[in-house]
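Q: Could you walk me through this one slowly, as I am new to it?

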Amino acid sequence: MKLTLKPLLGAAAASALLLAACETTAATDASFDAGDAETSQVTEPAEPEGLDVQVHEGDFATIQQFTTPGGISVWLVEEPSIPILSVRAAWEQGEATDPEGLEGLTDAVGYLMNEGAGDLDSLAFATRMEELNMSFGCGAGDEMVYCSTSMLSDNAEEAMDLVALALNEPRFDSDPLERFKREQLISIKTRETSAGWLAGQARNAALMPDHPFSRITSEDSITSITPELVRERKNRLMVKDGLLVTAVGAMSPEELAPLLDEAFSGLPESADLEPIEDVALNDPLDAPLVVDLPQPQSLVTFTAPGIARDDDDFFPAYVLNYTFGGGGFESRLMKDLRVEKGLTYGVYTGLSTGDHLNTWGGGGQTKNESAAEFIDGVKANMADIAGNGITEAELSDAKAYLTGSYPLSFDSNSKIAGNLMSVRLEELGVDYFDRRNALVEAVTLEDVNRIAAEYLQPEKFTFVVVGEPEGIEETATLPGGLNISLDDAGDEEEHDEEETKAMPNPDHG
């Protein structure tokens, strides 16, 4: 699962650099048969008698693990002092498995899941959520689909009834689907002015042009989506097999189990989807790749192979990244390129990890006339760290911040549920929260400097510049003569705030 994504282009929001470059294909052969999904009868949930609950009494949290009578695997943090229940559900399939020519279909599923169910149309469903003082929404990433709901514990039964209606009897009406299409088509038409999207498209065209992660929506793919295709896709993605649930709130396992079994009772048992292949990145470009975009500033991004989340070297890299570019004003790049040289408002780096792609990247904006100096500055900092390492003082500061700020990721039920889901998806173990800070503290200066020498060599990074940069003497061309078209770039708009809330919180290191 692609979960750890640190800010690349600004403090407020990460730049979406895992974006697409290849032209999409026509949808003539894109239809598929939902009959491959094994459907199940909607049955009354069994009583949770004799529920087998395994309790992890951690220093950070007490986590109860159990499987409901209906077969749902759950991690629960019971918190009776806060009368709110937050629940996350996730499936390890996502946008990258959209049928060719129907890019955007999985996004449509997530968009429409809270747009009406059963006898309730879109407005009536939203009104009922407001009456119950609850939230519910779904969304998707390249490798996962997820749903999120929060409610008062006092009316959890009624709220979960509404969630059950949405999961088991979604309407997928034409009116909200047409609204989704309009939003997507506007996004497609306006994305040519998005420097971040253009940078991602160019990066993907250079490093992984043929991988599903590089596919993008098109006017044809969006207009080809029908309610029937959305329903078929939902039945392929949201199945009982592999479903993971996390929950936090004032509720016991015995109280929660029947609510979950009812909510997910109508899902198909399983479905076959094509597996996603690991990304084999192309060799880095030997010069910056420039995408022309008339604007007063140039966006510079840089990307290299990274480290898998389960690699023993992940934590040394994670600590090193703080000093290199992930620590705000405490990072080498910010101190040099902003504070000392005044070349940028902000420059940031981050590790992005997933089941099929791991990268180390970053970026920042600078005036067109200083683009070459900005790139030279980034490379000089890379070379210095790779050649000379960091200091004991920098290592100590990084550890202090990364361990001291960690509890801030757990200041609400929703954040805790999201972090629980991240740990489950990444298979880090139920005791991860107790071990995490010790793993950070165990990183040595030798570890960090070894990683720096191996990964932060400038020649391993592909640089992409979007704007009208000046002073760059040599530029690269894309392999195979591929071109970056402004008409094929853009930003994907989010449906609503709930889709963002549904995503597991990646900030657990």
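What follows is a chat about one helix and some aromatic contacts.

Q: What kind of model is this, before we start?
A: This is a predicted model, in which local features need pLDDT of at least 70 and side-chain atom pairs count only at pLDDT 80 or more, while totals for chains, interfaces and linings use all residues. Residues are numbered from 1 along each chain as its sequence is written, and side-chain values use heavy atoms, with hydrogens and water left out.

Q: How far apart are the end C-alpha atoms of helix 9?
A: They are only 15 Å apart, although helix 9 (residues 314–326) has 13 residues and a straight helix would reach 18 Å at 1.5 Å a residue. The expected span is 1.5 Å times one less than the number of residues, and helices (H or I, at least four residues) and strands (E, at least two) are DSSP runs, numbered from the N terminus.

Q: Where is the kink in helix 9 centred?
A: It is centred on L320 and comes to about 30 degrees, where the bend at a residue is the angle between axes fitted to the seven residues ending there and the seven starting there. Just after helix 9, G328 takes a positive phi of about 60 degrees.

Q: And how many residues of helix 9 are buried?
A: 12 of the 13 are buried, so helix 9 is largely enclosed by the rest of the structure; buried means under 20% relative accessible area, exposed over 50%, and partly exposed in between (1.4 Å probe, protein chains only). L320 is one of the buried residues.

Q: Changing topic, how many aromatic pairs are there?
A: A search of the whole structure finds 15, counting rings of Phe, Tyr and Trp (its six-membered ring) whose centres lie within 6.5 Å, with planes under 30 degrees apart called stacked, over 60 edge-to-face and the rest tilted. One of them is the tilted pair of F60 and Y406, with 5.4 Å centre to centre and 45 degrees between the planes.

Q: Which parts does that pair tie together?
A: F60 lies in the loop between strand 2 (54–57) and strand 3 (62–67) and Y406 in the loop between helix 12 (392–404) and helix 13 (413–425), so the pair ties together parts that are 346 residues apart in sequence.

Q: Is F60 buried or exposed?
A: F60 counts as partly exposed, at 32% relative accessibility, whereas Y406 counts as buried at 2%.

Q: Which residues form one aromatic cluster with F60?
A: The cluster consists of F60, Y406, F410, Y432 and F433.
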